[in-house]
Amino acid sequence: MHIAICDNNIGDRKQMERLLMRESDKRINHTGVFFTNTYGSSKALLDNPLIYDAYFLDVTDPAFSAYDIALAIRSKGISSPVIFCISKIDYHTCGELLSNSVFLNKPIKVDELSLVLDEIILQKKEHRIPKIEFRNNTETFYIEENEILYCQGNGYYLTIY
């Protein structure tokens, strides 16, 4: 399972990495290894064209919070679970609640994290819808097959309807 961690506090980011590494070690024989990529800013995460199985977000920058990052992830067609790690900002009260969102209070308790990971693994097995990755010069989009009507070639470019 591939997991993204985005936290603008390096200490919290390292702690989350350690917690996920321990969970990965516990589960290695029955659910496999967790691969994590960590990001210290929203720009670094959103500029990365990878799709993750889960996003752990705790960015407390009022100009672009974890909620804003989650909206940007959803706008790219990514429906992976978003786990809001609540510290300074209570994401329960941020605008419209996003589908497939989970809230973890900090400090994060191992048993709560374990339950969230169990749910994500189960959800991945039961409800995975494959996405096709498309890129233009500046962005990456993930689209389900049934969203494509047809494609039209134009030299090195492709127009998708």
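**Figure 1. Salt bridge between Asp53 and Lys124.** In this predicted model, Asp53 and Lys124 form a salt bridge in which the closest N and O atoms are 3.2 Å apart. Asp53 sits in the loop between helix H2 (42-46) and strand E3 (54-58), while Lys124 belongs to helix H4, so the pair ties together parts that are 71 residues apart in sequence. Asp53 has a relative accessibility of 18% and counts as buried, because the cut-off for buried is under 20%. Lys124 is partly exposed, with a relative accessible area of 33%.

**Figure 2. Salt bridge between Asp7 and Lys106.** The closest N and O atoms of the salt bridge between Asp7 and Lys106 are 3.5 Å apart. Asp7 is in strand E1, and Lys106 is in the loop between strand E5 (101-105) and helix H4 (110-127), so this salt bridge ties together parts 99 residues apart in sequence. Asp7 is buried, with a relative accessible area of 5%. Lys106 has a relative accessible area of 24% and is partly exposed. Both residues also belong to a network of salt bridges that links Asp7, Asp12, Asp58 and Lys106. The structure holds 10 salt bridges.

**Figure 3. Cis peptide bond between Lys106 and Pro107.** The peptide bond that joins Lys106 and Pro107 is cis, with omega at about 5°. Most peptide bonds are trans. Pro107 is placed in the loop between E5 and H4. Lys106, on the other side of this bond, is the residue that forms a salt bridge with Asp7.

**Figure 4. Salt bridge within helix H1.** The side chains of Lys14 and Glu17 form a salt bridge, with a distance of 3.8 Å from N to O. Lys14 and Glu17 are three residues apart in helix H1, which means that about one helical turn separates them. Lys14 is partly exposed, at 41% relative accessibility.

**Figure 5. Parallel strands E1 and E2.** Strand E1 (residues 2-7) and strand E2 (residues 35-39) run parallel and are joined by five bridges. Ile3 has Thr36 in E2 as its bridge partner. Between these strands the chain passes through helix H1 (residues 10-27), in a β-α-β crossover that is right-handed. Two residues from the earlier views belong here: Asp7 lies in strand E1, and Lys14 lies in helix H1.

**Figure 6. The whole chain, for orientation.** The chain has four helices and nine strands. Along the sequence they follow the pattern β-α-β-α-β-α-β-β-α-β-β-β-β. The C-alpha atoms fill a box of roughly 55 × 40 × 25 Å along the principal axes. For 161 residues, a compact globule would have a radius of gyration near 15 Å, and the 17 Å of this chain agrees with that. Of the 161 residues, 35% are buried. Among contacts with a separation of 6 or more, 59% are between residues 24 or more positions apart. The exposed area of the chain is about 9,800 Å², with carbon and sulfur atoms supplying 53% of it.

How values were computed
Residues numbered from 1 in each chain as written. Predicted model: local features only at pLDDT ≥ 70, side-chain atom pairs only at ≥ 80, totals over all residues. Heavy atoms only, no water. Pairing = 2+ DSSP bridges. Right-handed = clockwise from strand over helix to strand, strands pointing away. Rg over C-alpha atoms; globule rule 2.2 N^0.38 Å. Buried < 20%, exposed > 50% of the residue type's maximum accessible area, 1.4 Å probe, protein only. Contact = heavy atoms within 4.5 Å. Areas by Shrake-Rupley, 256 points an atom, 1.4 Å probe, with all protein chains shown as cover. Salt bridge = Lys/Arg side-chain N within 4 Å of Asp/Glu carboxyl O.
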